[in-house]
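Student: Please take a close look at one part of this structure and describe its surroundings. I would then like to see how that part relates to the rest of the chain.

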Amino acid sequence: QVQVVESGGGLVQAGEALRLSCKASGSIRTISSMAWHRQLPGKERELVARRITGGTTNYADSNGGRFTISGDDARNMVFLQMDSLTPEDTGVYFCSANLRTYRSVQYGTYWGQGTQVTVSS
């Protein structure tokens, strides 16, 4: 079994920062990438940022350079530093891991339950 668990969400005021953490654990053979996604109220889930194992990163254009993804490959963790938050960033933030377990031949995507981020004006 594989677990993906996010933490670090909460309530902040506009202009403040938050750092989200995500850890993948369980019967993991190899992780190819981990990513952060978000679902804003009334909208579909969207990619925020992705980090390939080894360090390569890419970001959605909508972040405006305010978000930074980083990771710790040895601990199967990824982080999302969110600066200058606005009320429009309010939503549920999800972590995903594209990985291969010891029982699988192919890679699959595993999701966390999400963490709520609320930005007040």
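Tutor: A suitable starting point is Arg38, which is found in strand β4 (residues 28-39); strands here are DSSP runs of E with at least two residues, helices are runs of H or I with at least four, and both are numbered from the N terminus. The model is predicted, so local features need pLDDT of at least 70 and side-chain atom pairs count only at pLDDT 80 or more, while totals for chains, interfaces and linings use all residues. Residues are numbered from 1 along each chain as its sequence is written, and side-chain values use heavy atoms, with hydrogens and water left out.

Arg38 counts as buried because its relative accessible area is 5%; the class requires under 20%, exposed means over 50%, and partly exposed lies in between (1.4 Å probe, protein chains only). The side chain of Arg38 makes polar contacts with two acidic side chains: that of Glu46 at 2.8 Å and that of Asp89 at 2.9 Å. A polar contact is a pair of N or O atoms within 3.5 Å; within protein, one must be able to donate a hydrogen and the other to accept it, and residues adjacent in sequence count only if both atoms are side-chain atoms. Not counting residues up to four places away in sequence, Arg38 touches Glu44, Arg45, Glu46, Val48, Ser62, Phe67, Asp89, Val92 and Tyr93, where contact means heavy atoms within 4.5 Å.

One of these neighbours, Arg45, has its charged end over two rings: that of Phe94, 3.7 Å from the centre, and that of Trp111, 4.7 Å from the centre. The criterion is NZ of Lys or CZ of Arg within 6 Å of the ring centre and within 35 degrees of the ring normal.

The strand that holds Arg38, β4, is joined to β9 by ten bridges, and the two run antiparallel; strands pair if DSSP finds at least two bridges between them. Ile28 has Thr101 in β9 as its bridge partner. Strand β9 (residues 91-101) is mostly covered, with eight of its eleven residues buried. β9 also pairs in the antiparallel sense with strand β10 (residues 108-111) over four bridges, and a hairpin of six residues joins β9 to β10. Within that pairing, Leu99 stands opposite Gly108. Three bridges join β9 to strand β11 (residues 115-120), again antiparallel, and Gly91 stands opposite Val117 there.

Val117 is also among the contacts of Met82, as are Phe67 and Tyr93, when neighbours within four places in sequence are left aside. Met82 lies in strand β8 (residues 77-82) and is buried because its relative accessibility is 0%. Met82 and Trp111 are 29 residues apart in sequence and 20 Å apart in space, C-alpha to C-alpha.

For the chain overall, the secondary structure comes to zero helices and eleven strands. Of the 121 residues, 38% count as buried. Among contacts between residues at least 6 apart in sequence, 55% join residues at least 24 apart. The radius of gyration of 14 Å agrees with a compact globule, because 121 residues would give a value near 14 Å; the radius is taken over C-alpha atoms, and the globule rule is 2.2 Å times the number of residues to the power 0.38. Along its principal axes the C-alpha trace spans about 45 × 25 × 20 Å.
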